Amino acid sequence: MREYGHGGVLIDNGSALNIMPLNTLKALPVEPTYIHTNHMVVRAFDGTRRDVIGELEIRLEIGSIPFNLMFQVLDIDPSYSCLLGRPWIHMAGAVPSTLHQKVKFMTADKLVVVNGQEDMIVAQTNATPYIEAAERSYECSFWAFEVDHFKKPREGAVMAIQVMKKYGRKEGQGLGRSAQGRTRVVEDLPINPGFGLGFKPTAEDHQMLADARKMRRAERLGIPFGKEVKTEIPPLSKTFRSAGWVNREKNQQEKEEVCQKIAELTINAITEEKARPSSWIYPLVAGEKVGNWETFECAAATAESSMPNDDECKDASDESGFDFERPICTDKLNDEDIEDQALLSNLLRLVEQEEKQILPHKEPTKLINLGTDKDPREVKIGTTLSEEDRQELIDLLKEFSDVFAWSYQDMPGLDPKVAVYRLPTKVDMRPVQQKLRRLKSDMLLRIKEEVEKQFNAGFLQEAKYPEWQANIVPVPKKDGKVRMCVDYRDLNRASPKDNFPLPHIDILVDNTAGYSWFSFMDGFSGYNQIKMAPKDMEKTALVTAWGVFCYKVMPFGLKNAGATYQRAMVALFHDMMHKEIEVYVDDMITKARTPKEHKENLRKLFERLREAYLKLNPN
């Protein structure tokens with residue numbers, strides 16, 4: 001296949017989609033039949049909405065690395081050939097720089113640097129007036145795309161697709177029940193004005209239709225049909241009469257000045273041109289390569305050890321108030337009876353976001369034991385500290401070792417005077433009790449282990465007569481273990497949204513500029529430190545094969561959990577935020593310019609945490 005060069009590509013980290021204009025696609029050697037139709041409507045940064053023609057997967061070689069990218073095809077006329085948004089940026093781990101007009105990303109052993117083609121400067125060099133077009137005068141707004149909504153297809157179209165999928169129809173096969181017959185859907189027949197549906201008129205038919213129209217017009221005007229009525233057009237000398245006079249006494253110089261001014265008069269207009277082939281797409285000669293990139297050799301780094309996760313730091317109590325070993329009734333399940341556990345994408349995203357750790361940039365860390373050899377209590381501090389600063393920091397951590405939690409037993413929960421999680425529901429929403437979902441036996445054992453662990457930690461209690469009831473959704477982790485999430489979609493729909501604002505990440509990053517001493521911390525076990533309001537506990541009920549339980553602490557998956565945690569942090573640290581610390585939900589950063597100031601800020605933070613019984617994650 002012949003290769004093509006592709007220029008004028010815009011890299012936009014504010015766009016949630018990869019965009020391919022239709023004009024660019026027509027210049028590429030791609031068959032339109034490869035476009036998969038979807039019902040997406042996208043919105044640009046200024047609110048401009050566009051219907052998506054379809055999506056198309058194209059293989060692009062950026063630098064020397066090939067990528068298979070999914071593009072959304074739009075009928076727009078922007079100032080770029082295509083747009084690469086966050087899907088490609090996150091896939092490649094790319095770092096674009098508008099200042100240096102470059103983008104960098106790493107491969108297994110190389111650093112690839114792709115340079116921009118050229119800088120574009122838009123300027124008006126004179127005061128010439130412009131007449132702007134009323135339509136399509138906002139091409140510069142086609143960036144920072146995001147999904148606005150999906151158009152619901154017609155019910156008949158959905159049923160037809162389901163039937164075709166049921167009988168295993170593939171592209172190119174017939175539309176009949178046994179994949180026979182027509183391969184395309186019957187299209188609407190063209191309708192010619194004055195003729196029947198599907199009738200193909202000849203030249204004589206068109207002449208007869210025109211004569212009939214003339215006859216009807218003559219009848220309305222009251223003139224005989226066939227008699228030509230000519231309209232007399234007077235000459236221009238009689239139509240336009242001059243009301244001025246010529247002053248022949250003016251000198252020649254004034255005439256020349258007037259002529260010169262008339263010659264300088266110009267009218268500039270922005271007109272709408274027809275779509276033309278993209279000039280950024282050009283075929284490459286055999287062996288020709290695009291030379292706007294370079295690679296650098298990099299040393300490969302391998303991790304010899306991994307940080308312990310939350311499950312490895314949890315200790316379960318020996319005492320249990322619930323018998324998890326009692327027999328349960330399980331019928332023999334067929335493959336058709338087992339419900340397909342399609343993982344919810346929003347739960348996966350929330351789990352990955354919660355498990356992300358804030359680590360020091362480049363600086364290596366070292367474990368420090370704040371406990372004893374029999375009862376080790378380890379935290380991590382930087383290795384670049386001087387001996388004096390290091391010892392002072394260790395003494396401070398030992399003094400406030402009670403603000404860290406190494407297990408659930410070390411976590412009493414946030415003081416209810418600071419915050420509790422309330423779960424109001426809309427009056428017009430009826431409670432929903434989900435039926436127990438059937439799972440395979442190995443997944444049931446994993447869920448039982450996790451439920452028992454949370455019950456022993458004091459997070460769960462048995463629910464007797466709950467009005468709301470939700471199922472457990474097992475979400476696999478990267479280490480092979482299972483994260484127990486609850487399907488609270490029904491409860492979230494019935495609960496009003498808490499509009500407490502979350503801080504902007506870019507503002508928090510800007511607030512750390514100018515500081516050189518940092519400590520990165522996050523809350524232990526995240527949301528579980530905030531207690532549930534007693535009257536709302538049973539609304540969080542979850543059904544298992546061993547019984548129905550409800551949460552005594554704020555569970556993972558409720559839509560107002562982040563806003564509730566942020567409100568608690570603002571209540572605790574409102575006088576320290578943007579000064580000594582920066583807070584985003586359960587992540588905290590202390591900042592200082594000197595070692596002395598850093599220790600003072602840490603002491604102030606630890607004292608505030610101790611008063612509120614809020615525990616930090618030592619790992």
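# Strands, helices and salt bridges in a predicted model

Strand S10 (residues 102–106) and strand S11 are joined by 5 bridges and run antiparallel. Everything described here comes from a predicted model, so please read the distances and angles below as values computed from that model. We start with the sheet that holds these two strands, move on to a hairpin further along the chain, and finish with a helix pair and the charged side chains.

## The four-stranded sheet

S10 and S11 make a hairpin, with 3 residues between them. Within this pair, Met106 has Leu111 of S11 as its bridge partner. The hairpin belongs to an open sheet of 4 strands, ordered S9-S10-S11-S16 with antiparallel pairing. Which strands stand at the edges? They are strand S9 (95–97) and strand S16 (293–297); each has a single partner strand, so one side of each lacks a neighbour in the sheet. From one strand to the next, the twist averages 15°.

On the other side of the hairpin, strand S11 (residues 110–115) is connected to S16 by 5 bridges, and this pair is antiparallel too. Two residue pairs help to trace the register by eye: Lys110 stands opposite Glu297 in S16, and Val113 has Glu294 of S16 as its bridge partner.

## The S23–S24 hairpin and its surroundings

A second hairpin is formed by S23 and S24, with 2 residues between them. These strands run antiparallel and are joined by 3 bridges. Strand S24 also pairs with strand S19 (residues 460–462), again through 3 bridges and in an antiparallel arrangement. In that pairing, the bridge partner of Glu462 is Phe549 in S24.

Is strand S24 (residues 547–551) mostly covered or mostly uncovered? It is mostly covered, as 5 of its 5 residues are buried. Gly547, Phe549 and Tyr551 point one way from the strand, while Val548 and Cys550 point the other way, and all of them are buried. For Cys550, the relative accessible area is 0%. Cys82 is likewise counted as buried, at 0% relative accessibility. A search of the whole structure for disulfides finds 0.

Val543 is a handy residue to look at from the S23 side. It sits in strand S23 (residues 542–544), and its bridge partner in S24 is Val548. Val543 counts as buried because its relative accessibility is 9%, under the 20% limit. Leaving aside neighbours within four places in sequence, Val543 is in contact with Gln434, Leu436, Gln469, Ala470, Asn471, Ile472 and Val548. One of these, Ala470, is 73 residues from Val543 in sequence, yet their C-alpha atoms are 6.2 Å apart in space.

## Two packed helices

Two packed helices are described by the angle between their axes and the distance between the axes. For helix H8 (residues 387–399) and helix H13 (residues 595–612), the angle is about 10° and the axes are 11 Å apart. An angle under 35 degrees counts as roughly parallel, so H8 and H13 are roughly parallel to each other. On the H8 side, the meeting residues are Asp389, Glu392, Leu393, Leu396, Leu397 and Glu399; on the H13 side they are Pro595, Lys599, Leu602, Arg603, Phe606 and Arg610.

## Salt bridges

How many salt bridges are there? The count comes to 16, and the table shows some of them.

| Residue | Partner | N to O distance |
|---|---|---|
| Arg489 | Asp487 | 2.8 Å |
| Asp490 | Arg493 | 2.5 Å |
| Lys539 | Asp536 | 3.3 Å |

Lys539 and Asp536 are both buried. Salt bridges with shared partners also link Asp375, Arg377 and Asp410 into one network.

The Arg489 and Asp487 bridge joins residues with unlike surroundings: Arg489 is partly exposed at 41% relative accessibility, whereas Asp487 is buried at 4%. Asp490, at 19% relative accessibility, falls under the 20% limit and therefore counts as buried. Why are Asp490 and Arg493 separated by about one helical turn? Both lie in helix H10 (residues 489–494), and they are 3 residues apart there, which gives a separation of about one helical turn.

Conventions
Residues are numbered from 1 along each chain as its sequence is written. This is a predicted model: local features need pLDDT of at least 70, side-chain atom pairs count only at pLDDT 80 or more; totals for chains, interfaces and linings use all residues. Side-chain values use heavy atoms; hydrogens and water are left out. A disulfide is a pair of cysteine sulfur atoms within 2.5 Å. Buried means under 20% relative accessible area, exposed over 50%, partly exposed in between (1.4 Å probe, protein chains only). A salt bridge is a side-chain nitrogen of Lys or Arg within 4 Å of a carboxyl oxygen of Asp or Glu. Two strands pair if DSSP finds at least two bridges between them. Axes are lines fitted to C-alpha atoms, for helices over the stretch in contact, and angles run from 0 to 180 degrees between N-to-C directions. Contact means heavy atoms within 4.5 Å. Angles under 35 degrees count as roughly parallel, over 145 as roughly antiparallel, 65 to 115 as roughly perpendicular and the rest as oblique.
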